[in-house]
Amino acid sequence: MRTSQYLLATLKETPANAEVISHQLMLRAGLVRNLASGLYTWLPTGLKVLRKVEKIVREEMERAGAIEALMPVVQPADLWEESGRWDEYGPELLRINDRHQRPFVLGPTHEEVITKLVSNEISSYKQLPLNIFQVQTKFRDEIRPRFGVMRGREFLMKDAYSFHLEQECLEQTYQKMFDAYCRIFERLGLDYRPVIADTGSIGGDASHEFHVLAESGEDDIAFSDSSDFAANIEKAEALAPAGPRGEATQDLTKVATPGVKSIEEVAAFLKVDAQATVKTLMVLAPEDENGQQAVVALVLRGDHQLNEIKAEKLEQVAAPLTFASEEQIQAAINCATGSIGPVNLPLQVIVDRSAAHLSDFVCGANEDGYHFTGANWDRDAKDYRVEDIRNVVEGDPSPCGQGNIIIKRGIEVGHIFQLGKKYADAMNCGVLTESGKHQTLTMGCYGIGVSRIVAAAIEQNHDKYGIKWPAAIAPFQAAIVPMNMAKSARVKETAEALYQELQQAGIEVLFDDRKERPGVMFADHELIGTPLLLVIGERNLDNQQIEVKNRITGEKSLLAINEVLSLFNPQ
RNA sequence: CGGUGAUUAGCGCAGCUUGGUAGCGCACUUGGUUUGGGUCCAAGGGGUCGCAAGUUCGAAUCUUGCAUCACCGACCA
């Protein structure tokens with residue numbers, strides 16, 4: 001490709017509305033352009049990268065035994081009514097009508113379509129197992145699109161769905177997909193981790209997310225510092241502190257704490273550590289038979305954070321988790337937030353394991369402007385349940401039993417889970433078994449955010465000059481950068497000849513034939529992140545050499561012109 | 001959806017307080033100059049000032065409403 005016949009579209013200045021580095025660089029390097037909130041045009045350079053990611057994903061899926069199909073973006077609403085998700089999915093599902101006012105959706109995912117397809121096409125156990133994938137545009141009407149293509153509304157996803165007679169078979173395919181995902185991210189050249197994930201509302205037994213580690217990630221991942229354990233913080237278990245709880249040594253004492261509300265204020269006012277306090281959060285219970293929701297108290301150590309995912313899984317707590325309003329709290333206990341505590345609290349009380357391990361702690365006195373010191377479980381506060389309801393923090397013992405927790409940020413680029421029979425049940429997807437009985441299938445599903453990977457790769461691989469692509473997904477393998485080609489016939493001839501040679505060898509090379517100064521060319525190619533710059537100048541032509549600059553290492557070396565192809569041979 | 005901020009040329013911004021019909025840098029075009037790290041000089045082209053209504057002789061500027069975009073919080077690949 002010649003730059004003169006190409007759309008380079010690089011930008012010198014950073015557009016103001018791009019916050020994260022990958023978004024800035026994708027705009028500056030001419031990979032994408034914004035059309036509307038969460039909607040992006042992929043420019044030629046960006047598309048090259050996207051296609052390379054897609055190709056690796058496709059190859060590994062096929063190698064793992066999945067077969068490719070392509071399903072429509074626009075899907076009839078009745079499919080979604082059949083699965084129950086027309087009502088469940090919420091406003092993220094974009095609903096549209098056709099000219100006959102028939103309702104459709106833009107597919108945010110394809111479980112319905114694939115399940116329908118399989119239920120129509122598959123009727124015998126002999127046709128199983130089956131694992132079908134596609135690479136298709138998805139649309140999710142995100143509340144807040146952000147970070148460029150990282151969280152766009154329209155995005156490219158590889159989604160695969162497997163169908164099985166038995167759980168055991170599902171587990172085998174799940175493991176194959178797990179392994180395939182590892183190979184994919186290895187080949188992409190990314191620093192990634194599979195992590196134990198929450199299965200969310202879908203349920204099921206097993207789920208893993210694949211995260212690319214990056215500071216700008218939106219998820220917290222808990223790792224063990226001495227084993228392979230890694231889990232999304234939503235899912236990481238916070239163990240009970242070791243050893244028995246300390247004995248009560250203090251008397252329960254009510255102290256006036258006027259205007260002191262937050263844990264920081266309480267700890268400072270009473271001159272104690274936040275770890276010696278508890279905080280009490282008020283949330284709603286599930287509706288009773290009269291449609292009423294009681295208030296439930298969640299008690300955590302002062303320095304800990306509530307894990308809402310864990311909390312809303314408790315049967316005593318409404319899902320989704322809802323904090324009680326000021327009015328509801330007043331009605332329940334006649335006290336405002338800031339002075340609530342578990343002592344003599346006439347409510348269901350759920351205590352985190354760590355909070356339950358405290359003795360002689362500080363808590364609200366359930367009377368505005370007062371706290372207790374020297375509070376102790378069982379003696380002062382009775383009738384409580386102990387559960388794991390907090391986020392793990394760095395230094396906690398790892399739930400795997402080895403080492404301590406460290407926390408890093410990750411970008412979720414893949415998610416696999418065992419779906420079970422939810423969709424197969426709803427859409428009557430089954431086969432006849434060997435014994436002639438009808439049996440509902442069990443399913444797995446496996447997603448990879450293809451467009452998100454492009455952004456994640458940049459988050460992980462860049463410097464102040466621009467993108468440093470992993471070789472496998474660089475838009476070009478090399479760029480030919482001639483110095484002052486307009487003045488030097490020798491440079492021009494050499495560059496043209498090299499371009500022809502590389503093209504014929506099947507190398508993806510960008511020939512910068514613009515009439516630009518060297519600085520401009522260098523800046524552009526470094527921004528775009530081409531791994532190898534082949535610099536041709538009068539300076540080295542007397543020796544029949546060119547200069548090779550490695551974008552990743554920054555190394556420059558001289559190479560005989562007739563040996564340039566050797567740069568690419570090892571592949 | 002809540003909170004914050006923005007909207008003036010392709011991009012980045014000034015002008016608005018104090019109303020008089022729009023300007024700077026980059027990019028673009030032309031000519032010259034320069035040529036191994038974003039040259040320099042000159043001349044140009046390009047704007048319904050987000051939309052609508054109002055106030056006024058006159059609105060980018062004041063008022064009201066709306067829209068769009070971004071950032072911070074709950075969902076997800």
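Trainee: What makes the positions of the positive and negative charges of chain A comparable, and how many Å apart are their means?
Mentor: Lys and Arg count as positive, Asp and Glu as negative, with His and the chain ends not counted. Each charge is placed at NZ of Lys, CZ of Arg, CG of Asp or CD of Glu. On that basis the mean positions of the 59 positive and 82 negative charges are 7 Å apart.

Trainee: What rules apply to the model and its numbering?
Mentor: This is a predicted model, where local features need pLDDT of at least 70 and side-chain atom pairs pLDDT 80 or more, while totals for chains, interfaces and linings use all residues. Residues are numbered from 1 along each chain as written, chains are lettered from A and ligands numbered from 1 in the order written, and side-chain values use heavy atoms, without hydrogens and water.

Trainee: How do you know what confidence chain A has?
Mentor: From pLDDT, the predictor's confidence in each residue, from 0 to 100. The mean for chain A is 92, and 99% of its residues reach 70 or more.

Trainee: Why is Glu60 called buried or exposed?
Mentor: Buried means under 20% relative accessible area, exposed over 50%, partly exposed in between (1.4 Å probe, protein chains only). Glu60 has 1%, so Glu60 is buried.

Trainee: What makes a polar contact for the side chain of Glu60?
Mentor: The criterion is a pair of N or O atoms within 3.5 Å; within protein, one must be able to donate a hydrogen and the other to accept it, and residues adjacent in sequence count only if both atoms are side-chain atoms. The side chains of Glu60 and Arg63 meet at 2.9 Å.

Trainee: Which residues does Glu60 touch beyond four places away in sequence?
Mentor: With contact as heavy atoms within 4.5 Å, Glu60 touches Ala180, Arg183, Ile184 and Arg187.
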